[in-house]
Amino acid sequence: MAINPKQTPRGAAILDAVRRAARQEQFLEVVSAPQARRRFEACTDRSALAGVAVSLAAALGRVLAADVIAPVDAPPFDRSNVDGFAVRAADTVGASDGAPKRLTLNAEVIACGVAPAIEVAPGTATAIATGGVIPRGADAVVMIEQTELIDGGPAIELRRAAASGQFVSYAGSDIARGETLLRRDTQIGSREIGMLAACGFAAVDVVRRPRVAVLSTGDELIEPGRPLRPGGVYDSNGAIIAAAIVEAGGEPVPFGAFPDQEVALELAMRSALDSCDIVVLSGGTSKGAGDLSHRVVSRLGKPGILVHGVALKPGKPLCLAVIGDKPLIVLPGFPTSAIFTFHAFVAPIIRARAGLPPEAARTVTARVPVRIASELGREEFVLVSLVAGGDGLIAFPTGKNSGAVTAFSQADGFLAIDALASALDADTMAEVTLIGETERAADLVIMGSHDIALDTVVGALAERGFAARTIAVGSLGGVHAANRGECDLAPVHLVDPATGVYNKHLLAPGLSLVPGWRRMQGFVFRPGDARFEGRSADGALKTALADPTILMVNRNAGSGTRVLVDGLLRGMRPAGYANQPRSHNAVAAAIAQNRADWGVAIEPVARMYGLAFLPIAPEHYDFLLLEARRQRPAVQAFLDVLRDEGTRAHIRALGMEPA
Ligand code: AMP
Ligand code: MG
């Protein structure tokens, strides 16, 4: 519908909004990442916050605010290390098998917790338990096993001399009163808790955790747990940032997600500044339509915005501000950008204020087998997956963009491409900064096209104790990886347009083809669409091609499904042909959401989106196997799992036909 702004006020308002959206303001000054960091650090207090007392039970993981001086000795008294008899060492000199020494027993038994009452006089001994207090007069303990009880005395006989101090732990030998037991800045673990308890502390002073407000903005945001409405996106940033704050030693204070509305956002930010030490907002920062965070921040107080725009990818729209003495950071809305810039700019302040040392970056060197294009003028960080190659580690770009939620969690690390480079050449050795605690070593590397039934196979492998690493790089990416020897198996589904045969044309020396399963491809449309309902795939296609108002959704060149689609169209280019998403899911979503009327996808995906399906032809999903790896236990287990009846039944239940 065309809008004539002169006709209605609503039309005028819409046109105004369109104009605003089309006219993006530019960032005032884009600075380099180190410059941004310097400016921000110069204006922010990075000292540890003051101490608060917490009970020992709540102290785990906290940071000591002050040195702890031992108020008592441990052990608090001279203590026996064994069950035996407290003696005077001098009385035992010369004792041997030939000339045993006899000592009279005192009328006392020193159990744990008993204060001795009788002095050990020359020629006497007192029975004592492990942990018992050494009585006055005694200076050594003999083990019960090395004595003989003489009836009638009562007395004992010793056949060996005892040195002074034998089996005695002296008061303060473990912890001496007045010594520095633990230093400030120590992070409290279970061992530190044990030491504090041994000194009688029920509570301890720890650095207060910085309270960090977490806000999200965006008209599209929906709180997890609620149903997704059309155009809606779950607020994932709020959750991941809150968790990352805990990991950095802070205490997240969730404020929730706000619509892009200046008044409400300003109120929330002011209340966050009042009640918290640091404020983190994500979204509304890219200066596009409805992006308002920087405008709100610029009104909050002095010194205000220090940086807006960093020559960094992902993360260009980052905004760093200080209001009063409180840091306020606006992260880009795109999830990967948000968490990346959080770790680069926010986590270090939280750690510092929490009294924790800067996180030590762990790096490895890895070969990057593919060329990575990069934007000139911005330092670019590329998330990578690491796999073990024949001659060291190989780093693959995860291939997900900064809008992806999973890119960060699925990556093993990232590498940096210099702002002045337009690409990283293939086979460059790069330094990879590791993310996360542990390096995940995989027994099996699978690179290629992803499929839901593959998850079943990987799950069955895990049950047999083999960890598989799947890296979704598409069929063609899998072919390249297999040819370069970078994976064990490459799942592929590419048809040879000349013969119509799947996958066989991809074979090269050293590779063999392991049959996987067949996935029925068909004509997909919304159920109830009278134009297609009740027809065969052929009939539905004819209808679609005859009506110019019917919109198709295509597939990307290089996919097997695209070859099928082109075959069906025989050179025709119906409306929507240029829309070429890269997956069956994207095709189904476009049809389900009315952005297109028909497309070709596989049956299980069509069913998952509640769409109608008319079968056309099966697609073959097989595995290229590197023959050199065939004998590896994990590869053998994989082949075994593929043959397993249970796995095959699972695959069938997903709507595929095992080969
Ligand atoms: P913005 O910075 O507001 O321009 O947002 C850029 C992109 O990030 C948009 O696709 C938003 O939907 C998405 N986004 C913004 N905030 C969030 C959030 N809290 N959780 C998930 N995605 C978000
Ligand atoms: Mg937004």
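Are F340 and F381 buried or exposed? Both are buried. This is a predicted model, and these two phenylalanines are a good place to enter it.

Start with the aromatic rings. A search of the whole structure turns up 11 aromatic pairs. A pair of aromatic rings is described by the distance of the centres and the angle of the planes. For F340 and F381, the centres are 5.2 Å apart and the planes meet at 40 degrees. An angle under 30 degrees would count as stacked and one over 60 as edge-to-face. The pair is therefore tilted. It also links distant parts of the chain. F340 belongs to helix α7, residues 335-353. F381 belongs to strand β24, residues 379-389. The two residues are 41 residues apart.

Now turn to F623 and F638. Their rings are edge-to-face, with 75 degrees between the planes. Centre to centre, the distance is 5.1 Å. F623 sits in strand β35 (residues 612-626), while F638 sits in helix α15 (residues 633-643), so the pair ties together parts that are 15 residues apart in sequence. Both F623 and F638 are buried. They also belong to a cluster: ring pairs link W517, Y621, F623 and F638.

A ring can also face a charge. The charged end of R37 sits over the ring of F345, at 4.8 Å from the ring centre.

Next comes a sheet. Strands of a sheet pair through backbone hydrogen bonds, either parallel or antiparallel. Here, six strands form an open sheet with mixed pairing. Their order is β7-β4-β6-β5-β9-β8. The edge strands are β7 (140-143) and β8 (147-150), and each of them pairs on one side only. From one strand to the next, the twist averages 40 degrees. Look inside the sheet at β4 (residues 84-87) and β6 (residues 124-128). These strands run antiparallel and are joined by three bridges. G84 stands opposite I128 in β6.

Finish with a serine. S475 is found in helix α10, residues 474-483. Its relative accessible area is 8%. Buried means under 20%, so S475 qualifies. What does the side chain of S475 reach? The partner is the backbone nitrogen of H493, at 3.1 Å. Leaving aside residues up to four places away in sequence, S475 touches G448, S449, P491, V492, H493 and L494. H493 thus appears both as the polar partner of S475 and among the residues that S475 touches.

Definitions and conventions: Residues numbered from 1 in each chain as written. Chains lettered and ligands numbered in written order. Predicted model: local features only at pLDDT ≥ 70, side-chain atom pairs only at ≥ 80, totals over all residues. Heavy atoms only, no water. Pairing = 2+ DSSP bridges. Helix = DSSP H or I, 4+ residues; strand = E, 2+ residues; numbered from the N terminus. Axes fitted to C-alpha atoms, helices over the stretch in contact; angles between N-to-C directions. Phe/Tyr/Trp six-rings, centres within 6.5 Å; stacked < 30°, edge-to-face > 60°. Buried < 20%, exposed > 50% of the residue type's maximum accessible area, 1.4 Å probe, protein only. Lys NZ or Arg CZ within 6 Å of the ring centre and 35° of its normal. Polar contact = N/O pair within 3.5 Å; in protein donor to acceptor, adjacent residues only side chain to side chain. Contact = heavy atoms within 4.5 Å.
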